[in-house]
Amino acid sequence: MKKLLTILLMITILVISPYELVKADGGEVASDDEISLRYTNLSLISAGLTINSSGLAVCTGTVTMKKNYDSRLYIHLYKSSSSGAYTKIKSWAQSFSGTGVKSLTKSTNVSKGYTYKIKVEVRIYNSAGTVIETAEKWSSNVVYN
């Protein structure tokens, strides 16, 4: 009986523990939206997509740099297909240097009847031009009907 209880306890810990993550600043259980990776050279990366009633998609990528390095911010716009897979339909990029908030916003017209999302990527370079860190963030899906 003890062996069975021990096995059940171990299974419970393995199944539940990934979902009960604790915030670094306190003891509260964090939701999936509050969980983020720890980066060395940046403190935040975000992706935002809105589509207005006339089909103008506004794509925004933002990164907050902690250290004084060169970086390149990319935004990739994806469109759903009939199979449910996504295809990249547009990309933009801009280079930045220094610390602080770096942001890129681009707009394009999209077609009705599809779901869209963006992926924001940042690549951080050392003084020799070598990539030393990368990060990415996906936006929420936006349906345009």
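**Exercise 1.** Find which residues Leu77 touches, leaving aside those up to four places away in sequence.

*Solution.* Start from Leu77 in this predicted model and collect every residue with heavy atoms within 4.5 Å. The partners are Leu49, Cys59, Thr87, Lys88, Ile89, Lys90, Trp92, Thr108, Val110, Tyr116, Lys117 and Ile118. Next, place Leu77 in its wider setting: along with Leu42, Leu49, Ile51 and Val122, Leu77 has the most contacts inside the largest nonpolar core, a set of 24 residues. Finally, ask where that core comes from. At least two of its residues are supplied by each of β1 (42-51), β2 (56-65), β3 (70-80), β4 (86-97), β6 (114-125) and β8 (142-144), and β6 gives the most, with 5 residues.

**Exercise 2.** Work out the strand order of the open sheet of 3 strands, and explain why one side of β1 is left without a neighbour there.

*Solution.* Begin with the order, which is β1-β2-β5, with antiparallel pairing. Then look at the ends: β1 and β5 (100-109) are edge strands with a single partner each, so each has one side without a neighbour in the sheet. The twist from one strand to the next averages 10°. Now zoom in on the pairing of β1 with β2, which is antiparallel and runs over 9 bridges. Here Leu42 stands opposite Met65 of β2.

**Exercise 3.** Describe the protein chain as a whole, from its elements to its contacts.

*Solution.* Count the elements to get 1 helix and 8 strands; along the sequence they read α-β-β-β-β-β-β-β-β. Turn to burial: 31% of the 145 residues count as buried. Last, take contacts between residues at least 6 apart in sequence; 62% of them join residues at least 24 apart.

Notes: Residues are numbered from 1 along each chain as its sequence is written. This is a predicted model: local features need pLDDT of at least 70, side-chain atom pairs count only at pLDDT 80 or more; totals for chains, interfaces and linings use all residues. Side-chain values use heavy atoms; hydrogens and water are left out. Helices (H or I, at least four residues) and strands (E, at least two) are DSSP runs, numbered from the N terminus. Buried means under 20% relative accessible area, exposed over 50%, partly exposed in between (1.4 Å probe, protein chains only). A nonpolar core is a set of buried Ala, Val, Leu, Ile, Met, Phe, Trp, Tyr and Cys residues joined through side-chain atoms within 4.5 Å. Two strands pair if DSSP finds at least two bridges between them. Axes are lines fitted to C-alpha atoms, for helices over the stretch in contact, and angles run from 0 to 180 degrees between N-to-C directions.
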